[in-house]
Amino acid sequence: MDALNTGNTAWMLTSASLVLLMTPGLAFFYGGMVRSKSVLNIMMMSFGAMGVVGIIYVLWGYSMSFGSDIAGIFGNPADFFGLKGMDDNANALFSFEDSGVPAYVWVAFQATFAIITVALISGSIPERVKFGSWMVFVAAWVTFVYFPMAHMVWGGGLLTKGPSTPLDFAGGTVVHINAGVAGLILALIIGKRKGFGKEPMRPHNLPFVMLGAALLWFGWFGFNAGSAGAANDQAGLAWITTTVATAAAMVGWLATEKIRDGHATSLGAASGIVAGLVAITPAAGFVSPVGSIFIGLIAGVVCALAVGLKYKLGYDDSLDVVGVHLVGGLWGTLSVGFFATADDLWEGSKAGLFYGGGLTQLATQAIIAIAAIAFSAVVTAIIGYIIKATMGWRVSEEVEVGGIDLAVHGESAYENISSGRIVSEVK
Amino acid sequence: MKLVTGIIQPHRLDDVKSALEAAGVRGMTVSEASGYGRQKGHTEVYRGAEYTVDLVPKIRIEVLVDDEDANAVTDVIVKAAQTGKIGDGKVWTASVEDVARVRTGERGEQAL
């Protein structure tokens, strides 16, 4: 094992901090898209995920993701429970690519991924869900879906054993397909908002959405470039492909809108940014900058078209978790099978179809995508139905119509005219 | 006494204000309003979903005047607010029974 590498360590601590910033960024992105009476509640769903997963990750999350393999499905939660033994000589340095990064830093980086993945799901079910049920779901889902998926793809579990080594650089499968499927399943179990498809449910604050997209883009540099595990050339490549694909996706989404609806909108720009970030995530360190332009452009067009599916199929995926994360994540995961530039990018992987590697890698990518969809769908459905049968998911109709912020959190985001008086300044 | 109320396009407010001041009107109340007349709102598109927005933003301007000035003030507002396009708004006049100035307690025409 190499000695501590301070340059790599500094970059990984920076990356972890950048990824943590994505979740409050997501809170703004989602917050602007709901109606003004629900903005605090949707933002609290992201902040609530930070609270719950932040604790769980150090208790059993890291161990279930990267502990010793149990049946190929998850890691042994007892191995590093509470991060015990992580400062021993044997475990003190993370061995990934001999980057000389302390294991604690790798835990920090990985914890931020778990947090944002769960928070992403909230976009399919805002404005109608009990906050307590959401917090319980966060704990259950991260434990029974996210950690096993991280183990299966990144921790040496089942999904690493395809015809070739699957390539998921920063979480197309573990993060985006996983969250997208969970969002779809919950939207189906929980049902539509009252008035969906009849009443207007316009975004109440598009500048929030733009701010959120900007914070997500900035944080995503930690997400993707940090996934190199070191401050090296692959991190540099990931930074570039992340930017280029995102720029291309924004342009693709805006062009689609201009042709279809007559206007290039700010919501379209923000949505295209996120679609591009999602799509390049699994591919970021494995494709060329020019390849990433195609990945982004196609993601922008396809996701712009996919967000209309919910109206055709009649489910209320309110903020398009399915259209952006599931569809974008699927395209990104498959795109590696087309655009991966060489063999052995991870040991045992093949080059993509366009780079002379044949169909092997594409088949592998399709297999992990399908397996991820099936696993996430089944386990999410079990958790979703248990919560429905016990605590219940939905707030009362009265609360939903009157405003979930006021009823659930005792707060309202905005006031038009000052009214009321102080009852007591400090209790 | 009369209350002249004008519902006008927001971008005409500055011109209407200047014209009223030039015509010697000493006070007015301006508020944001929303509504529609024959022009019937507009459509907005969010991620491909189309919304019809019936109520479009307008400005309400209210001026209290002597009976004999009401006609002239109406003309001033109409002239200054007019663009000739649909959605320019309306101006109407209503009778006012009494007015009080809060600072002094003066009533009626003294309070205008």
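So, the nonpolar patch on the surface: it covers about 550 Å² and is built from A:Val290, A:Ile293, A:Phe294, A:Ile298, A:Val301, A:Val302 and A:Leu305. Bear in mind that this is a predicted model. Let me pick out one of those residues, A:Ile298, which sits in helix α9, residues 289-306 of chain A. Is A:Ile298 buried, partly exposed or exposed? Its relative accessibility is 33%, so we call A:Ile298 partly exposed.

Okay, from the surface to the inside. In soluble globular proteins, nonpolar side chains tend to be buried together. Here, the largest nonpolar core runs to 130 residues, and A:Phe29, A:Trp134 and A:Tyr146 have the most contacts inside it. Which element gives this core its largest share? That's helix α4 of chain A, residues 131-154, with 15 residues. Apart from that core there's another one, of 15 residues, and B:Leu13, B:Val63, B:Ala70 and B:Ala80 are among them.

Back to A:Tyr146 for a second. If you skip its neighbours within four places in sequence, A:Tyr146 is in contact with A:Phe113, A:Ala114, A:Thr117, A:Trp141, A:Trp154, A:Val174 and A:Asn178.

Two of those names, A:Trp154 and A:Val174, come up again with A:Asp168. You'll find A:Asp168 in the loop between α4 and α5, with α5 being 172-190 of chain A. Its relative accessible area is 0%, so A:Asp168 counts as buried. And what does A:Asp168 touch, not counting residues up to four places away in sequence? The list is A:Val153, A:Trp154, A:Thr173, A:Val174, A:Pro282, A:Phe286 and A:Trp346. One more on this residue: A:Asp168 and A:Asp344 are 176 residues apart in sequence, yet 13 Å apart in space, going C-alpha to C-alpha.

Last topic, the two chains together. On the chain B side, 8 residues are in contact with 18 residues of chain A. Between them the chains bury about 1100 Å², with 59% of that on carbon and sulfur atoms. Which three residues supply 72% of the area that chain B buries against chain A? They're B:Tyr46, B:Arg47 and B:Tyr51, and no other three residues give more.

How about charges? There are 2 salt bridges between chain B and chain A. One salt bridge to look at joins B:Arg47 to A:Asp320, where the closest N and O atoms are 2.9 Å apart. So if you have the structure open, B:Arg47 shows up on both counts, in that buried area and in a salt bridge.

Technical notes. Residues are numbered from 1 along each chain as its sequence is written. Chains are lettered from A and ligands numbered from 1 in the order in which they are written. This is a predicted model: local features need pLDDT of at least 70, side-chain atom pairs count only at pLDDT 80 or more; totals for chains, interfaces and linings use all residues. Side-chain values use heavy atoms; hydrogens and water are left out. Patches are made of residues with over 30% relative accessible area and no salt bridge: like charges are joined within 9 Å, nonpolar side chains (Val, Leu, Ile, Met, Phe, Trp, Tyr) within 5 Å. Accessible areas come from the Shrake-Rupley method with a 1.4 Å probe; for residues, only the protein chains shown count as cover. A salt bridge is a side-chain nitrogen of Lys or Arg within 4 Å of a carboxyl oxygen of Asp or Glu. Helices (H or I, at least four residues) and strands (E, at least two) are DSSP runs, numbered from the N terminus. Buried means under 20% relative accessible area, exposed over 50%, partly exposed in between (1.4 Å probe, protein chains only). A nonpolar core is a set of buried Ala, Val, Leu, Ile, Met, Phe, Trp, Tyr and Cys residues joined through side-chain atoms within 4.5 Å. Contact means heavy atoms within 4.5 Å. Buried area is the accessible area (1.4 Å probe) that two parts lose on being put together, summed over both.
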